[in-house]
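Please look through the model below with its strands and its aromatic side chains in mind. The paragraphs that follow take these two topics in turn.

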Amino acid sequence: MTPPDAFPPSEHPPSTPGNAAQTPALHLQRSFKWQALLRLAIVLACITDLAVFPPSEQLPLSIALAAAYTLWTLATLWAAYTSRPPLPSWIYPLTDLTLLTTLMAVSGNFSDPNWSSPLSADIFLFIPVLASFQMRPVLTAVSGILAAACYALGTGLGHLEHPYWHYTAVHTLFILVVCAGCVLLSDVQQHRVQSIRELAEHRLWLLDRIMATEETEQRKIAETLHDGALQNILAARHFIDEAVTTPRPTDALQRADEALTQASRQLRTSVRTLHPEVLTTGGLVPALQHLTEQASERGKFHAEIHTSITTAGTADRPLFWLAREILENVVKHAHAKNVTVSLQPHDHNPENIQLTITDDGIGIPQNALTRSLASGHIGLASHRARIEGIGGTFTIRNNTTGGTTVEAVVPQT
């Protein structure tokens, strides 16, 4: 059997190259908004520090640098809330780090002999936090390492005469620990956003495939009715017209009756295919027997069905539609001489039901499943998802002696 509509477990629908590695624009814009608001808190901390611990030297320059950082913050805030295209991602942490490091150096916080300002150490903790909003772990890591290096270098050079290496080293390590946490958080957020995007793309892809499948099924129904029942009805009408004009109408009416009988049989088969009444009235086993008999007639193969149970509970319909899809593939592709359908309790867990369909046909060519999925066939893919959705398993394999075996194991409820 060569199923055209399989869905390998590890296979995913095709996506646009590079999309998975990009952050959605709307989410990134929202991240820049929150980043800009956090930068406002940093501005407030800087202004408070200058007011509470005014520098003894370079006060005008310190105020000018604080004003420059305030303008940079307002600019990023305006750009974020007006949906302006963002600058390259590395510019933001580099600008933050440059302006804040320069402000700490000019205001004398690095060289304060009393270590009175907490801002000289704590301000660098915000650098990796700000960078983490962009959901780029590498950028966050580089920003945090540079922030720790700037703090260690600035504090070390500023206190060469009265060094306090233990404090500097421990606080540098603390900045790096915060940086590590921001990197991990950034990585989690990045993968979360990418997963949401991939799921959205997957959903759109499935909707497209479902619509295409519906069109295909509608076309099949139209072709079946046109080539089968409709032709017989038209033939019956022709025979009836012939009976009106002929002196001996018996033969023509008999042919009309045969054509209408054949049309009725074809319509009944089509209706049963679209809505399996036997499944509703008789249950799973009679429905499988009916399916198997129809498939053997169409595929010209010998078929057997073995079962020791009467129902799989709520899994009756998923198993029926799966069996129908598989037998349809056997008829179309397998060139089989013998087919066996088995519905039994599972060997290792009797509470589960196992449906097995085996044929001695040509088997599944290598990569056939992947190629069929790539070409848009999702028939078995939807059945696999349905079986797995109720807690079951679904496998397809080539037999060592030739042919194919399909197994579905579902819990009986």
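**Strand pairing and ring contacts**

In this predicted model, strand 2 and strand 3 form a hairpin in which six residues lie between the two strands. Strand 2 covers residues 338-345 and runs antiparallel to strand 3, to which it is joined by seven bridges; within this pairing, Gln344 has Gln354 of strand 3 as its bridge partner.

Strand 3 also pairs with strand 5, which spans residues 404-411, and here the two strands are again antiparallel, with eight bridges between them. A position to inspect in this pairing is Thr356, which stands opposite Glu407 of strand 5. As for its surroundings, strand 3 comprises residues 352-359, and seven of these eight residues are buried, so the strand is largely enclosed by the rest of the structure. In a regular strand, side chains alternate between the two faces of the sheet.

The aromatic side chains give a second way into the model, in which four aromatic pairs are found. One of them is formed by Phe320 and Trp321, whose rings meet edge-to-face, with 5.2 Å from centre to centre and 75° between the planes. The angle qualifies because edge-to-face pairs are those with planes over 60 degrees apart. Phe320 and Trp321 are both buried.

Elsewhere in the sequence, Phe32, Trp72 and Tyr92 are linked by ring pairs into a cluster. A further contact with an aromatic ring involves a charged side chain, since Lys33 lies over the face of Tyr81, at 5.1 Å from the ring centre, a distance that falls within the 6 Å cut-off for a charge over a ring.

Methods
Residues are numbered from 1 along each chain as its sequence is written. This is a predicted model: local features need pLDDT of at least 70, side-chain atom pairs count only at pLDDT 80 or more; totals for chains, interfaces and linings use all residues. Side-chain values use heavy atoms; hydrogens and water are left out. Rings of Phe, Tyr and Trp (its six-membered ring) pair if their centres lie within 6.5 Å; planes under 30 degrees apart count as stacked, over 60 as edge-to-face and the rest as tilted. Buried means under 20% relative accessible area, exposed over 50%, partly exposed in between (1.4 Å probe, protein chains only). A charge sits over a ring if NZ of Lys or CZ of Arg is within 6 Å of the ring centre and within 35 degrees of the ring normal. Helices (H or I, at least four residues) and strands (E, at least two) are DSSP runs, numbered from the N terminus. Two strands pair if DSSP finds at least two bridges between them.
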